[in-house]
Amino acid sequence: MKHEFAYEEAQRHLKQRNRFAALSAVLGLTSLLAVGAAATREESVILVPVTTERLTLGSGGTDAHYLELVTRDTALMLLNRAPESLDYWMEQVLKVADPSAHGSLKAELVKIVDEQRGSDISQAFVISRMEVDAQALTAVVTGTLKTFVGAQVIASQERSFEFSWNRRGLSLGLTGFRQLPTENEEENP
């Protein structure tokens, strides 16, 4: 009787062990498949810029339309400024700066802040067109740059600015910007 009871108990433990082994194998296989899928899947992030479109940025490359939207917002932020908001302005521009270019961009922005602080000079920029090179991660923004003293417009000129970007993972960082010479400035150096 004791042998029969011991045999039945051993069979019950054996069946329980086999069920746990099968469950462990299924869970191990599932984990392995999940890790493999995560490692080979192209990474993408859904972006929500100020647009009615839905954009995604994948690990494969930068979409020209996304580069245009980022450049548009950065150009408007960078080229529209007033003396009352210079500290906030510089802080916001530096937030989109690439870490490798942070120091050089800050030096350029500090020069602008020093020139404009304490004055009544403001500027506004209205974009008329943009050319984007997604491969080189550059964009040229052209538009009208208006300069104000108080409420009076003292200058209104068509200007072009080049913005350079760097990609780190799924984010773009501003590496530089410069004003391009006009046709008159190219002819008369």
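This report describes two pockets in a predicted model and one residue, Arg 81, that lines the second largest of them.

Local features need pLDDT of at least 70 and side-chain atom pairs count only at pLDDT 80 or more, while totals for chains, interfaces and linings use all residues. Residues are numbered from 1 along each chain as its sequence is written, and side-chain values use heavy atoms, without hydrogens and water.

A pocket here is an open set of points on a 1 Å grid over the protein atoms alone, where a 1.4 Å probe fits, with protein on both sides within 12 Å along at least five of seven lines; lining residues have an atom within 4 Å of a point. A volume is the space filled by probe spheres set on the points.

| Pocket | Volume | Lining by class |
|---|---|---|
| Largest | about 190 Å³ | two nonpolar, four polar, four charged |
| Second largest | about 160 Å³ | two nonpolar, five polar, two charged |

In these classes Asp, Glu, Lys and Arg count as charged.

The largest pocket has a volume of about 190 Å³. Among its 10 lining residues, Glu 158, Ser 160, Pro 181, Thr 182 and Glu 183 are the closest to its centre. β5 (152-168) and α5 (183-187) each supply at least two lining residues, and β5 gives the largest share, three.

For the second largest pocket, α4 (102-116) and β3 (121-133) each contribute at least two lining residues. The lining includes Arg 81, Glu 115 and Thr 147.

Arg 81 sits in the loop between α2 (64-79) and α3 (86-95). Arg 81 is buried (under 20% relative accessible area, 1.4 Å probe). Arg 81 has no salt bridge (side-chain nitrogen of Lys or Arg within 4 Å of a carboxyl oxygen of Asp or Glu); Glu 115, the nearest side chain of opposite charge, is 6.5 Å away. A polar atom of the Arg 81 side chain lies 3.1 Å from the backbone oxygen of Leu 78.

Key: Helices (H or I, at least four residues) and strands (E, at least two) are DSSP runs, numbered from the N terminus. Buried means under 20% relative accessible area, exposed over 50%, partly exposed in between (1.4 Å probe, protein chains only). Lys and Arg count as positive and Asp and Glu as negative; His and the chain ends are not counted. A polar contact is a pair of N or O atoms within 3.5 Å; within protein, one must be able to donate a hydrogen and the other to accept it, and residues adjacent in sequence count only if both atoms are side-chain atoms.
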